[in-house]
Amino acid sequence: MNDEQIVEAYLARSEAAIAETQSKYGSRLQNISYQITADRPAAEECENDTYLEAWKSIPPHAPKTYLFAFLARIIRHLSLNCCRSRSQLKRQAFLCEFSAEMEQCIPAPDDTACRLDDLAFAGMMNRFLGGLDEKKRNIFLRRYWYFDSVAAIAARYSIGESAVKTTLFRTRKQLHDFLEKEGYRL
């Protein structure tokens with residue numbers, strides 16, 4: 001089944017939708033979760049919870065053209081919540097590393113002067129990412145969306161770790177400048 005057919009099955013409340021989703025995206029979703037939780041059983045649980053959330057969320061949503069992104073967003077949130085609830089100190093330190101890297105680029109969510117509407121911010125991020133060349137965009141997303149390590153990114157793109165670190169540093173700087181240019185003080 002293609003994504004549109006899978007979404008139609010969800011809308012028709014057919015349990016085949018879950019089986020098709022698992023068949024098509026299960027391993028990819030579980031990998032996203034594992035990158036965050038570093039725990040295979042927790043990743044499997046998050047994967048299963050993703051199917052339940054999709055079942056509950058698809059009507060009213062109908063992500064026919066972006067099903068994987070819709071599911072990936074769900075599993076990321078579930079996996080992050082899993083880490084928070086289990087209080088894994090090692091994993092929390094890992095997530096804090098990402099926060100420290102990004103804190104100078106993205107406004108703090110509790111700073112009311114910098115609070116952004118989700119849709120407006122998503123639009124800005126899409127414009128920013130769309131303006132990057134494909135390699136920079138992929139490195140940035142592998143690090144901050146999929147939580148890949150610098151070593152894994154370097155191996156994936158056959159480049160050195162220092163090149164990955166430099167690319168990430170420069171891309172964060174570009175993001176910071178882009179957001180300031182858009183009128184957001186950071």
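## Setting the scale

A residue counts as buried here when its relative accessible area is under 20%, and as exposed when that area is over 50%, with partly exposed in between. C46 sits at 3% relative accessibility, so C46 falls in the buried class. Keep in mind that this is a predicted model.

On that scale, buried residues account for 39% of the 186 residues in the chain. The accessible surface adds up to about 10700 Å², and carbon and sulfur atoms own 51% of that surface.

## The overall layout

What is the chain built from? Its secondary structure amounts to nine helices and zero strands. Walk along the sequence and the pattern reads α-α-α-α-α-α-α-α-α.

Take the contacts in the chain with a separation of 6 or more: 65% of them are between residues 24 or more positions apart.

## Two nonpolar cores

In soluble globular proteins, nonpolar side chains tend to be buried together. In this model, the largest nonpolar core gathers 26 residues, and the ones with the most contacts inside it are L29, I32, L67, F68 and L71. Four elements give two or more residues to this core: α1 (3-11), α2 (16-37), α3 (40-57) and α4 (67-86). Helix α4 puts in the largest share, with ten residues.

L67 is a good place to look inside that core. Leaving out residues up to four places away in sequence, L67 touches D3, I6, V7, Y25 and I58. There is also a second, separate core, this one of 16 residues, with A154, V164, L168 and L179 among them.

## An aspartate under cover

One of the partners of L67 is D3, which belongs to helix α1. Is D3 buried or exposed? At a relative accessible area of 16%, D3 is under the 20% cut-off and therefore counts as buried.

Which residues does D3 touch, setting aside those up to four places away in sequence? The list is K24, Y25, K64, L67 and F68. Two of these names, L67 and F68, also turn up among the residues with the most contacts inside the largest core.

## Cysteines without a bond

How many disulfides does the structure hold? The count is zero. C46 is in no disulfide, and the nearest cysteine sulfur to it belongs to C82, 4.5 Å away. A disulfide needs the two sulfur atoms within 2.5 Å, so a 4.5 Å separation rules the C46 and C82 pair out.

C82 likewise is in no disulfide. With a relative accessible area of 15%, C82 is buried, and C46, at 3%, is buried too.

## A threonine in α3

T50 lies in helix α3 and has a relative accessible area of 0%, so it counts as buried. Its side chain reaches back to the backbone oxygen of C46, at 2.7 Å.

As for its surroundings, T50 touches L29, L71, I74, I75 and L78, again not counting residues up to four places away in sequence. L29 and L71 are both on the list of residues with the most contacts inside the largest core.

## Backbone oddities in the loops

Where does the chain hold a cis peptide bond? It joins P59 and P60, with omega at about 20 degrees. P60 is placed in the loop between α3 and α4.

Two non-glycine residues with positive phi are worth a look in your viewer. R13 has phi near 60 degrees, in the loop between α1 and α2; with a relative accessible area of 35%, R13 is partly exposed. S158 has phi of about 55 degrees and is found in the loop between α8 (150-157) and α9 (161-181). At 67% relative accessibility, S158 is over the 50% cut-off and so counts as exposed.

## A look at α7

Helix α7 covers residues 134-144, and its buried residues are I139, F140, R142, R143 and Y144. So the buried set takes in two arginines, R142 and R143, alongside I139, F140 and Y144.

At the start of α7, a side-chain oxygen of D133 comes to within 3.1 Å of the backbone nitrogen of K135.

Notes. Residues are numbered from 1 along each chain as its sequence is written. This is a predicted model: local features need pLDDT of at least 70, side-chain atom pairs count only at pLDDT 80 or more; totals for chains, interfaces and linings use all residues. Side-chain values use heavy atoms; hydrogens and water are left out. A nonpolar core is a set of buried Ala, Val, Leu, Ile, Met, Phe, Trp, Tyr and Cys residues joined through side-chain atoms within 4.5 Å. Buried means under 20% relative accessible area, exposed over 50%, partly exposed in between (1.4 Å probe, protein chains only). Contact means heavy atoms within 4.5 Å. A polar contact is a pair of N or O atoms within 3.5 Å; within protein, one must be able to donate a hydrogen and the other to accept it, and residues adjacent in sequence count only if both atoms are side-chain atoms. Accessible areas come from the Shrake-Rupley method with a 1.4 Å probe; for residues, only the protein chains shown count as cover.
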